[in-house]
Amino acid sequence: MFNFSSKLRILLLTIALLAAQAGIAIPQAQVASAAINGLGQKPYMGWSSYSMQVYSGSTPFITAAQIKAQSDAMHATLQSHGYEYINIDAGWNGSMDGYGRPVPSTTLYPNGFQDVIDYVHNNGQKIGIYLIPGLSKDAYNANLPIYGTTSCHMQDIAVQPLTTSDYWNIGYKINFSNPCAQSYINSIADLIASWGIDFVKFDSVTPGSGHNDTSIDARDDVKAWATALAPHGIWFELSWALDHSYVDYWKKYANGWRVDWDVEAYQPGVKLTEWNNIARLFPDAEVWWRDARPGGWNDFDSLNVGNGAMDGLTQDERRTAMTLWSMSSAQLYTGNDLTNLDSFGIGLLTNDEVIAVNQAGRPAHPVSTATNQQVWYANNGDGSYTVALFNLGSAAATVTANWSDIGLYGSATVRDLWTHSDLGTYATGYSSVNLAPHASRMLRVVSNGGANVVNDDDTGISYTGSWQRSWNRGLGDFKDDVHYTQTNGDYFEFAFNGTGIDLYTEKDSSQGNVDIYVDGVLKQTVSTYNATRQTQQKVYSASGLANGVHTLKAVKKTGTYMLLDKLSYNIAAPIEVNDTDASITYSGSWSTSTARGFGDYHDDVHYTMTNNDYFQYAFNGTGVDLVTEKDSSQGNIDIYVDGVFKQTVSTYNATRLAQQTVYSIRGLTSGSHTIKGVKKSGTYMLLDKLSVRSSRIQLNNTDAGITYSGSWSLSASRGYGDYNDDVQFTAANNDYMQYTFNGTGIELLGEKASDQGNIDIYIDNVLQTTVNTYNATRLVNQPIYSTSGLAAGTHTIKAVKKDGHVHAGGFAARDGVTY
């Protein structure tokens, strides 16, 4: 800490002496289990007292009454959204016992500190306290005994000559080469655990805390406290402005670490924080993002966005702070007075779509920080990306996310997480025009099918062994960096949701063989040896996987080095089912509205004005999205999946919004399911489309894997309702299209019209049937031919024009097919 806080904390941490008591035998020191304490799987969420302690000035803010009030306010407003920690900063202790252990203040807690702890726990929350490295000078001078030992005393464990242990020179440095030192730390950890403490903020940790060198080195304290707290399941958080040079040490022993100085403005009664203290965290996030993952997270300090009159930030700046914390998977704890949040602040702190990004634990990183207009993104491993657009400048500006910059190749749908609105489909990127100064947008970008590239430093990749990162190599690697190891048996793993994956690395004379596993099964041993260096080499490719979750694992087998440069995994397009699809059942007085011009899928919707009317759709897959309009004339819909009520969703909005995803479910068992939507309220209920996620893979007629023989042409932007609004067509008899797939069945989709005729269908070069595509009126997206029950493996479908004026169509894989 700094500014007046140094004086404040010296005062708050000074403790008096009590009479010494007799000791007992020394227990065995425990081995540190690092941050492997069962905690830190997600960034913690809660509240910290220090910002209000500063804001309140000389008025104590951590009294029993205040802590209980904050606990009650969290319980009422924030707890249902995941907030659970009530953390008390410096000043909670009033003295020490005869063994140099802290005793809580009797002034702040006249009914005892245990009363406060129990109150917080009874509210279903966890409670934390504040500690610092070192040994009390008073305890040293009195040479107090160490609890649980027979002969250990304070003067036995102090470094000689006496040396300061912390930024403020409050205590003496401990000599942890003496086993009595660990016994002392254990005695305090055991004591606070017996009270029910769930969290420890460990402050003035060095290197860091104003001393980015080893002149004051608290690493031994960190290890000792991690060792002592681990058996009790107490979250261990380090503070402040930790030196990144020692990040591996912090990651080994802690669940979190502060990356910068205090966020507070140190203007009591004026403001909690200020914009400059938020803006300086962007370069910190760029340095630290690779280090955050389950087990330990980057701590950005208190998120003071809950009350505009106190925060010291504009509304745009408050939203930008929440966006940065969430995108970075930083611990989500606020420093506001929870009893005095405004409606805007509550909206920020309780936006569940934004919170979900934070809790997903995929820290974002920037495309570039060369300007104040910045794009930050995280690849979620399932074909979706979380993208934030920031304007850190002082004037309005346009900020653009190009899909190729974030590793996405193909079109994608975009959703605004702050407004809960779907913004549409964009081919190459998305721009926020005239984004206000210090403002931001937070988006969910979902691939519509295609390749997704992941760099070697992506936090979704898990490295086991002695891996290191090499960057600024100038050798032509993707993003100019690689991960490498020299130890046989070291490996990396990557979980993804898709149908295939490619592994890229260098080839070089120093490299050897790599064993490749997919879903735990050894697939092959690949060689990465070459007499000369070759960069961005694809050494392994898997395709034809079932559309779902898979894991790639690569294990170093031989050679001096094994490298990873990048991965590219393939996403299957969702199956889009328009409201006019014959498989959708409508019950009640439904009508169709077409040529609306509002941006609906295929420019049409089904609608009803009668409560309890419903639609129902049976699908084969693992998930489905319900897409409709939102409008002031619309209300609530009850959603059922497989006959079980799931939730009531609102389709109301003050203005019209087209193609809005109002309900989504994932993780269903692969197989047959039913979704049902029942009108509950509002003037209208609309259905625009359903989007199905399944093992079924749908390909457009333009897919590169489809072979066309003869005089085929492409007709696009037709406006008839075709899949992707285009078809390939030919007028010449005996022209054909052919496609090779890996699966157990396939379906051919096309139009039926008065100018079309018969098609011969071959499977694996054997004529199966002749199908008729004639119809007096045009019918689009029609199943022309389907087959299932093929032997698992590779097959070929061939469709040959036999007669009629035109043949037009595309392909869709049937249930269970993978290729």
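Is N612 buried or exposed? In this predicted model, N612 counts as exposed, with a relative accessibility of 59%, because the cut-off for that class is over 50%. The residue sits in the loop that joins β37 (604–608) to β38 (614–621), and its backbone stands out as well, since phi of N612 is near 80°, a positive value in a residue other than glycine.

A second residue with a positive phi is D519, for which the angle is near 55°, again in a residue other than glycine. D519 belongs to the loop between β28 (513–518) and β29 (521–527), and with a relative accessible area of 41% it is partly exposed, a class that lies between the 20% and 50% cut-offs.

Two peptide bonds also deserve attention in the backbone. The bond from Q160 to P161 is cis, with omega near -10°, and P161 is placed in the loop between α5 (137–142) and β7 (171–172). The bond from S239 to W240 is likewise cis, with omega near 10°, and W240 lies in the loop that runs between β9 (235–238) and α8 (247–253).

These backbone features are worth listing because most residues other than glycine have a negative phi, and most peptide bonds are trans. The table sets out the angles for each site.

| Site | Feature | Angle |
|---|---|---|
| Q160 to P161 | cis peptide bond | omega near -10° |
| S239 to W240 | cis peptide bond | omega near 10° |
| D519 | positive phi | phi near 55° |
| N612 | positive phi | phi near 80° |

Note on methods:
Residues numbered from 1 in each chain as written. Predicted model: local features only at pLDDT ≥ 70, side-chain atom pairs only at ≥ 80, totals over all residues. Heavy atoms only, no water. Helix = DSSP H or I, 4+ residues; strand = E, 2+ residues; numbered from the N terminus. Buried < 20%, exposed > 50% of the residue type's maximum accessible area, 1.4 Å probe, protein only.
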